[in-house]
Amino acid sequence: MDPAMGIVGAILITRWSWGLLKATSRVLLDQQQTGIQQGVKRAVECGDTRVSDLHVWSIGPNLYAAIVAVVTHDPQPPGHYRDRIQTDNASLVHVTVIVHT
């Protein structure tokens, strides 16, 4: 009976660890959130304003942080772009904006 219980325990631990790996692999590998990235680009890019660099990462369950570099001929204060980004993306709780002319 002991060897059978050992095998059952090994199977249960293997199932648990596989589920844990599937649930956490996106965060552990720092996978970029493409849906949020597209939303940030749509919110910022208009006229001659372009996003030159964008990084989004998870900081909690359904909470994200972003660093956005914006290039434009008519620069606005970083707060202007931050407000536009956070209006469209409620899950972005910490946004850093860098404006280049």
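## A β-α-β unit

β2, α3 and β3 make a β-α-β unit, and the unit is right-handed. The model is a predicted one. In sequence, β2 covers residues 63-71, α3 covers 78-88 and β3 covers 92-100.

The two strands of the unit pair with each other. β2 and β3 run in the parallel sense, over 8 bridges. One pair to look for is Ala-65 with His-94, its bridge partner in β3.

## The hairpin

β2 also pairs with β1, here in the antiparallel sense. This pairing spans 9 bridges. Val-51 stands opposite Val-70 of β2.

β1 and β2 form a hairpin, with 2 residues between the strands. Asn-62 sits in the turn. Its phi is positive, at about 60 degrees.

## The nonpolar core

In soluble globular proteins, nonpolar side chains tend to be buried together. Here, the largest nonpolar core has 15 residues. Val-40, Val-44, Val-56, Val-68, Ile-85 and Leu-92 have the most contacts inside this core.

Several elements give two or more residues each: α2 (34-44), β1 (50-60), β2, α3 and β3. β2 gives the largest share, with 4 residues.

## A look at Ile-85

Ile-85 is one of the core residues with the most contacts. Which residues does Ile-85 contact, leaving aside its neighbours within four places in sequence? They are Val-40, Ala-43, Val-44, Val-68, Leu-92, Val-95 and Val-97. Among them, Val-40, Val-44, Val-68 and Leu-92 also appear with Ile-85 in the list of core residues with the most contacts.

Methods. Residues are numbered from 1 along each chain as its sequence is written. This is a predicted model: local features need pLDDT of at least 70, side-chain atom pairs count only at pLDDT 80 or more; totals for chains, interfaces and linings use all residues. Side-chain values use heavy atoms; hydrogens and water are left out. A nonpolar core is a set of buried Ala, Val, Leu, Ile, Met, Phe, Trp, Tyr and Cys residues joined through side-chain atoms within 4.5 Å. Buried means under 20% relative accessible area, exposed over 50%, partly exposed in between (1.4 Å probe, protein chains only). Contact means heavy atoms within 4.5 Å. Two strands pair if DSSP finds at least two bridges between them. A crossover is right-handed if, with the strands pointing away from the viewer, the path from the first strand over the helix to the second runs clockwise.
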